[in-house]
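I opened my notebook for a friendly walk through this one. My plan was to look up ring contacts, helices and sheets in turn.

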Amino acid sequence: MQPLNLPACHPKVLREGGKLFIFDPLRRKKVALTPEEWVRQHFVNYLVKEKHYPQALLANEVTIALEQLSRRCDTVVYNLYLEPLAIVEYKAPSVPVTQQVFEQIARYNLSLRVKCLMVTNGLEHYCCRIDYDTPAYTYLKEIPAYDVLGNL
């Protein structure tokens with residue numbers, strides 16, 4: 001897999017029947033190893049190890065209802081009361097982070113109304129804070145630590 005602009009991570013990768021799988025500690029199961037999943041596992045590791053996000057307050061592939069359809073958020077970050085704080089959207093390294101990606105995650109946020117939206121392709125990482133009073137988005141210079149995220 002392609003090297004990423006994230007700290008080193010050593011996920012469990014398995015080969016079964018000629019296919020590669022990666023163990024997802026949040027879902028507690030092996031999943032198909034795709035470029036997007038490679039980014040997800042590295043970014044979750046970064047959030048937990050570098051930004052001190054409690055692993056127990058992160059969830060992958062969270063199903064939400066959106067306009068009478070079922071959609072899945074790649075990762076949702078929760079506070080201690082299990083209220084959603086942030087949504088993370090992953091793309092493969094070959095997929096550029098564009099306005100369309102932010103529009104996709106913003107649609108998911110219609111259901112959750114989180115404080116922050118994060119998007120990464122493993123090479124570029126973006127985070128924006130949402131002010132529902134104005135309404136406005138403010139792009140942050142870096143991914144906030146967990147204790148900062150709750151106070152945004």
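**Rings.** I began with aromatic clusters and found that ring pairs link F43, Y46 and Y90 into one. I keep in mind that this is a predicted model. Both F43 and Y46 are among the buried residues of α1.

I then searched the whole structure for aromatic pairs and got five. One of them is Y53 with Y146, an edge-to-face pair at 5.4 Å centre to centre and 65° between the planes. Where do Y53 and Y146 lie along the chain? Y53 is in the loop between α1 and β4 (58–66), while Y146 is in helix α3 (residues 146–149), so the pair links distant parts of the chain, 93 residues apart. I checked the cover on each ring residue too. Y53 has 2% relative accessibility and therefore counts as buried. Y146 also counts as buried, because its relative accessibility is 15%, and the cut-off is under 20%.

Next I looked at F102 and Y126. Their ring centres are 6.3 Å apart and their planes meet at 75°, so I logged the pair as edge-to-face. F102 belongs to helix α2 (residues 99–112) and Y126 to strand β8 (residues 125–131), so this contact ties together parts 24 residues apart in sequence. Are the two partners buried or exposed? F102 is buried, at 9% relative accessibility, whereas Y126 is partly exposed, at 30%.

**Charges over rings.** I also looked for charged ends above rings. The charged end of K12 sits over the ring of F23, 5.5 Å from the ring centre. For R113 over the ring of Y132, I noted 3.9 Å from the centre.

**Helix α1.** Does the length of α1 agree or disagree with what its residue count predicts? It agrees: at 1.5 Å a residue, the 15 residues (35–49) should span 21 Å, and the end C-alpha atoms are 21 Å apart. I found α1 mostly covered, with eleven of its 15 residues buried. Among the buried ones are W38, V39, H42 and L47, and also charged-type names such as E37 and R40.

**Three-strand sheet.** What lies beneath this helix? α1 lies across β1, β2 and β3, running at about 25° to β2. Those three strands form an open sheet in the order β1-β2-β3, with antiparallel pairing. β1 (13–16) and β3 (29–32) are the edge strands, each with a single partner, so one side of each has no neighbour in the sheet. The twist from one strand to the next averages 40°. I counted four bridges between β1 and strand β2 (residues 19–24), and I saw R15 opposite L20 in β2.

**Six-strand sheet.** The second open sheet runs β4-β5-β6-β7-β8-β9, and its pairing is mixed. Here β4 and β9 (136–139) stand at the edges with a single partner strand each, so one side of each is left free of a neighbour in the sheet. Neighbouring strands are turned by 35° against each other on average, direction ignored. Strand β7 (residues 116–120) pairs with β8 in the antiparallel sense over five bridges, and C116 stands opposite R129 in β8. My last lookup was α2, which packs on this sheet and touches β4, β5 (69–78), β6 (84–90), β7, β8 and β9. The direction of α2 makes about 150° with that of β6.

Notes: Residues are numbered from 1 along each chain as its sequence is written. This is a predicted model: local features need pLDDT of at least 70, side-chain atom pairs count only at pLDDT 80 or more; totals for chains, interfaces and linings use all residues. Side-chain values use heavy atoms; hydrogens and water are left out. Helices (H or I, at least four residues) and strands (E, at least two) are DSSP runs, numbered from the N terminus. The expected span of a helix is 1.5 Å times one less than its number of residues. Buried means under 20% relative accessible area, exposed over 50%, partly exposed in between (1.4 Å probe, protein chains only). Rings of Phe, Tyr and Trp (its six-membered ring) pair if their centres lie within 6.5 Å; planes under 30 degrees apart count as stacked, over 60 as edge-to-face and the rest as tilted. A charge sits over a ring if NZ of Lys or CZ of Arg is within 6 Å of the ring centre and within 35 degrees of the ring normal. Two strands pair if DSSP finds at least two bridges between them. Axes are lines fitted to C-alpha atoms, for helices over the stretch in contact, and angles run from 0 to 180 degrees between N-to-C directions. Contact means heavy atoms within 4.5 Å.
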